[in-house]
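Visitor: Please take one part of this model and look at it closely with me, and then let the account move on from there to whatever else deserves a careful look.

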Amino acid sequence: MKREGLVKSLLGAATLGLLLWGGLPLYRHRHCDIAVVKGPGVTAVERLSAYSPGLRNTVADTSVFVLEGREPGGKAILLGDSHANEPEGLLASLIFIENAVVEKGTLYVIPFFNNSASRNTRPGDGYPLYFDVPTAWGALRVRMGNRDASPLDQWPDPDVYVHFPDRQLLSFIDVRNVNRTWPGRPNGPLMERVTYGAMEIMRREKVDVAVDIHGAETMFPVTNCIVAPEKSVRIATLAALTVKATEGFENHVEPSPAGFRGLSHREIGDASDTLPFLLEAPIPFLDQPTGPKTTKLILDGKDPFLLSLAKRKKLFVPYDESGWPLEKRVGQHCSVILEILRQYSKRNPDKPIVVRGVPRYAEVLKNGVGYYFSDPKKADAKSIVDN
Ligand SMILES: [Zn+2]
């Protein structure tokens, strides 16, 4: 009897030890904040719950950085981390927050759009919890998140996700995928409250342009492109042609399918006067047939298996030994966003959006992504926003 009790207590202690060993890193990741340094252009920082009260006191509530220009003009909103395992969107939006100076018009930037997903991971795929972007002052540590919100924040999942308001039947997992829950509603599942908040910014503030910034597999046909519905396609095409002619990189236009509901590039345009654009840059880390999912793969995009698949023409983008590094993905996003704003301003001279201070493709390639972030330890405490 005595011996049985001892075995039971030892097993109990071992189980508790395993739980702590496995759970503590996940707990720390969920509660680890990134210090975002407000750049010279930031005039206000709001919370998304100001537009969608159903987000109050939830992990899905998130910061909205407002960059109001010196002169009036048009308005644009940028969304990073819609899918929090596609960090080029987050990093491009952080570059805008730290570096952009708005001459005319207003920018709204939500870097952690799916804040819950950015504090989630994908254990089955062996994702790293963080990766470091090298800078002159050390490293900017970034949370690597997941595609979907954490079940700790939104649960249980339905058997089928019935999209609102179209009632199209989507996969159950898409109820936690913020790029299937547009245009959202104030009292729906948490992710619908997130998209509703962004829709409310667009409707109330009369936002003209919305850019949802992503990354996509090299083996997925919708990659290295701008996805645009009919109303945005002209500006998207001009932006794609201009970056190719003047900056030398490819970024084609994909039409947004009218029958596939819940996506930002479809629903934003249908539910408001805003022109939506969704940007995809190729991220080898997301492809299935790669080696281990390492932080190195996030940064340099080099993988031997993709290289052999490229030789057999299985990828939808050119791919060689140089991989598809982070600076290339983020640099493309910066240039394409600037070009969309420029093309919009040319067609709407009464509502220009003029931004300076944001690097273009060649500069990001040359300097690296970390060059555009300052050391939060040296920054004035008032200019730091923890996210
Ligand atoms: Zn995505």
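Guide: Cysteine 225 has its bridge partner in strand E12, and that partner is histidine 252. The two strands concerned are E11, which covers residues 225-228, and E12, which covers residues 252-255; they run parallel and are joined by four bridges (strands pair if DSSP finds at least two bridges between them). To get from E11 to E12 the chain passes through helix H4, residues 233-247, and this β-α-β crossover is right-handed, a term that applies when, with the strands pointing away from the viewer, the path from the first strand over the helix to the second runs clockwise. The element names come from DSSP runs numbered from the N terminus, with at least four residues for a helix (H or I) and at least two for a strand (E). All of this is read from a predicted model, in which local features need pLDDT of at least 70 and side-chain atom pairs count only at pLDDT 80 or more, while totals for chains, interfaces and linings use all residues. Residues are numbered from 1 along each chain as its sequence is written, and side-chain values use heavy atoms, with hydrogens and water left out.

From there we can turn to the zinc ion, whose protein donors are His83 through ND1, Glu86 through OE, listed twice, and His214 through ND1, at 2.0 to 2.5 Å from the ion (donors are N, O and S atoms within 2.8 Å of the metal, or 3.2 Å for Na, K and Ca, and sites may look incomplete as water is not among the atoms). Along the chain these donors follow the spacing H-x2-E-x127-H. Glutamate 86 sits in the loop between strand E4 (71-79) and helix H2 (87-99), whereas histidine 214 belongs to strand E10, so this pair ties together parts that are 128 residues apart in sequence. Both glutamate 86 and histidine 214 are buried, where buried means under 20% relative accessible area, exposed over 50% and partly exposed in between, with a 1.4 Å probe and protein chains only.

The loops hold some backbone details that a newcomer could easily pass over. In the loop between strand E8 (160-162) and strand E9 (169-171) lies proline 165, and the peptide bond that leads to proline 165 from phenylalanine 164 is cis, with omega near 0°. Arginine 167 has its place in the loop between E8 and E9 as well; although arginine 167 is not a glycine, its phi is positive, at about 65°, and the residue is exposed, with a relative accessible area of 63%.

Following the chain past E9, we come to the loop between E9 and helix H3 (190-204), where proline 183 lies. Here the peptide bond from tryptophan 182 to proline 183 is cis, with omega near -5°. In the loop between H3 and strand E10 (209-216) we find lysine 206, a residue that is not a glycine and yet has a positive phi of about 55°. Lysine 206 is exposed, its relative accessible area being 61%.

One further loop, between helix H8 (326-347) and strand E14 (354-356), contains aspartate 350, which counts as exposed at 62% relative accessibility. Although aspartate 350 and proline 72 are 278 residues apart along the chain, their C-alpha atoms are separated by 9.6 Å.
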